[in-house]
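I opened this notebook to record what I looked up in the structure. The entries follow in the order of reading.

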Amino acid sequence: MNAATKLGAYVLGLAVVFGGALGVGNAVGEVGPAPAKPEHGTTHSAPAADSHGGHAQATAAAQDDTPGGLQVSERGYTLNPLTTVKPGEPTDFRFTVTGPDGRPVTDYQVEHDKKLHFIVVSRDLGSFQHVHPDLGADGVWSVKLTLEDPGAYRAFADFAPTGGSGLTLGADLLVAGDYAPQPLPQVARTATVDGYTVSLAGDLVPGRASKLTLSVSKDGRPVTDLQRYLGAYGHLVALRAGDLAYLHVHPEESVKAGPEITFYAEVPSGGDYRLFLDFQHDGKVRTADFTAQAGTGQPKPTAEPSASPSHGDNHSH
């Protein structure tokens, strides 16, 4: 075989390898149809494609179809954790969001009463914290953060830079020590936290806005005097099990302060999701959590509600 023939065979081999890798990458996970954007809740969209033709349009479409939180960097913005966390130790956690110019962003739009929402969950989705850091003049965010157990965590920064559209960036936080991941909690229609019972009605349907109604009660009586939290009577975060794709929604506007809070959530694919509802009553924010399934029919409720007494203490306001 002469040199030209060998070179041609080598290039062909590379094409087969990379083509196969691309096929495997496209096959990983359950991918649903590109969803239409709902009218309700918070949605993040990529910038419109320019007039340079198909490549720009394809790039914008790919960005638009990617769920939030899966990338540490998007549209030139990057989430940069600056602090190492030790298990069980309160930490002054610091991070920056750098912009396309490489410098920390200092100007943010206020969305849902805050310039930035910071969510930290364990990779097994058993631990959840929603905190609101303080922004320094130098663009460094800081917040008191305690991660009780060793293991892998995912941090999400949900924000909109001034003059830009919303973004959710994600970064891994690793806490040293012996780690034993826990199985995903069972699918359930009710959750209990601090003496409150929260019931879930509705199903997640991939690719379209799904109506979810959560009802809050205490001691068997409906709670009708919920207090606004982040501008609404409830705040819902949904995370896809497996890759922790992030969906951030808010409720339908209502003049009634409970017991029902209605959301419209759109999930990108079938499978298991974890839902975390923040609600405020008697001056304290509590979190009720659920495991739900999308695209597999009506979830079968468990006999007993899931208990999550520790989640209410994870908030910093």
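I began with terms: two strands pair if DSSP finds at least two bridges between them, and helices (H or I, at least four residues) and strands (E, at least two) are DSSP runs, numbered from the N terminus. I noted that this is a predicted model, in which local features need pLDDT of at least 70, side-chain atom pairs count only at pLDDT 80 or more, and totals for chains, interfaces and linings use all residues. Residues are numbered from 1 along each chain as its sequence is written, and side-chain values use heavy atoms, with hydrogens and water left out.

I looked up the pairing of β4 (residues 116-122) with β8 (residues 151-159) and found an antiparallel match over seven bridges. Ile119 stands opposite Phe156 in β8.

I then placed this pair in an open sheet of four strands, ordered β5-β4-β8-β9 with antiparallel pairing. The edges are β5 (128-131) and β9 (167-175); each has a single partner strand, so one side of each lacks a neighbour in the sheet.

I checked the overall make-up: the protein has two helices and 19 strands. Of its 317 residues, 43% count as buried (under 20% relative accessible area, 1.4 Å probe, protein chains only).

I turned to the largest nonpolar core (buried Ala, Val, Leu, Ile, Met, Phe, Trp, Tyr and Cys residues joined through side-chain atoms within 4.5 Å). This core has 29 residues, and Leu275 and Phe279 are among those with the most contacts inside it. Elements giving two or more residues to this core include β12 (210-218) and β17 (271-281). A second, separate core of 25 residues includes Val85, Phe118, Val131 and Ala171.

Notes:
Buried < 20%, exposed > 50% of the residue type's maximum accessible area, 1.4 Å probe, protein only.
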